[in-house]
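Trainee: I have a structure to look at and I am new to it. Please show me how to read its features.

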Amino acid sequence: ILFFYDGLYFIIKTIQNHNYKNSLWNGIFFGLAALVRPIIIGLPFLLAILFLIIKIFFKQYAPQLKFSHPLLMMCSYLIMILPWISFIYIHTGTFQPLSTSGPTAISAGMTMLTTPGAGGNTINLPRDVVQLIKKMNTVNTQSVTELLKFLGKSLFSTPITFLKLLAIKMSRAWYATSELWWEKPILIVQAPYLFSALAGMLIVWKNFLQKKMKNKILIIATLNATILYFWGMAALVLSILRYVLPVMGLMIIFSACAVYLILNALYNTKNTNITLLQK
């Protein structure tokens, strides 16, 4: 989390002052974070693509952003992780990403929904979802290709069931635990943050777009993309709160924006605009 937030800091500094050194530091810290926790492996690629899309199609929101910024970020990121990938290749003769647990984590994320936790707790699932999960036993869970084929086939053959499963995994990412412990109390604690954060995101986007605050819009887009990335990765593998924990700090920023406006409305203060949000 330390390296991850360092990387976010430097990517925001890149947006604010367009310094090439910040892009390099951003990639370095994201690389260090990826070496500690491989879940971040695809985030630099996602943010680089986001920057390129905004630069090409929405240039008015990032007039000073250069194509070299995401390129430098990716170069320094790859420089940090390639020695480890090369080391693995030299000793095994196979190309591996930062972790070999990808296929296992995807299948485990499905089967854990039907497996009792350490305390004997179970998840109440629709019958058709349980049947879909059981079908995974016939798939080679060590092959990402086979897993993706199975998921794709399930989407087209039983779309309603597949969407049910997806909704369950996406929702559980914000409160679930690997052993099914304390999930209801965690959900109660999480709910105010999640709903207020969603409200805060809508408020911030509306305000910044209206005022055409260019750099701020790109920063908000970066934070939102980062949140969606971790959410998606958690839903793909083990749908547990631990995997989205790094971005809860970002969620609370947006939650604070909503709380600020609510307090303004309750106390009828004269400063009813959102100058503080802009800062």
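**Reading the model**

Mentor: Begin with a residue and its element: Gly152 is part of helix H7, residues 144–157. This is a predicted model.

Trainee: Is Gly152 buried, partly exposed or exposed?

Mentor: Buried means under 20% relative accessible area and exposed means over 50%. Gly152 has 26% relative accessibility, so this residue counts as partly exposed. The C-alpha atom of Gly152 is separated by 16 Å from that of Val237, which is 85 residues away along the chain.

Trainee: What is the mean pLDDT of the chain?

Mentor: Where pLDDT is low, the predicted coordinates should not be read in detail. Here the chain has a mean of 86, with 92% of its residues at 70 or more. Among the elements, helix H2 (residues 20–36) has the highest mean, 94, and helix H12 (residues 275–278) the lowest, 57.

Trainee: How many salt bridges are there?

Mentor: Side chains of opposite charge can pair when their charged atoms come close. The count in this model is two. One joins Lys164 and Asp128, at 3.1 Å from N to O. Lys164 sits in helix H8 (residues 159–172) and Asp128 in helix H6 (residues 127–134), 36 residues apart, so the pair links distant parts of the chain. Lys164 is partly exposed at 34%, and Asp128 is partly exposed at 27%.

Trainee: Which residue forms a salt bridge with Arg172?

Mentor: Glu183 does, with the closest N and O atoms 2.8 Å apart. This pair links helix H8 to helix H9 (residues 183–211). Arg172 is buried because its relative accessibility is 4%, and Glu183 is buried at 12%.

Terms used: Residues are numbered from 1 along each chain as its sequence is written. This is a predicted model: local features need pLDDT of at least 70, side-chain atom pairs count only at pLDDT 80 or more; totals for chains, interfaces and linings use all residues. Side-chain values use heavy atoms; hydrogens and water are left out. pLDDT is the predictor's confidence in each residue, from 0 to 100. Helices (H or I, at least four residues) and strands (E, at least two) are DSSP runs, numbered from the N terminus. Buried means under 20% relative accessible area, exposed over 50%, partly exposed in between (1.4 Å probe, protein chains only). A salt bridge is a side-chain nitrogen of Lys or Arg within 4 Å of a carboxyl oxygen of Asp or Glu.
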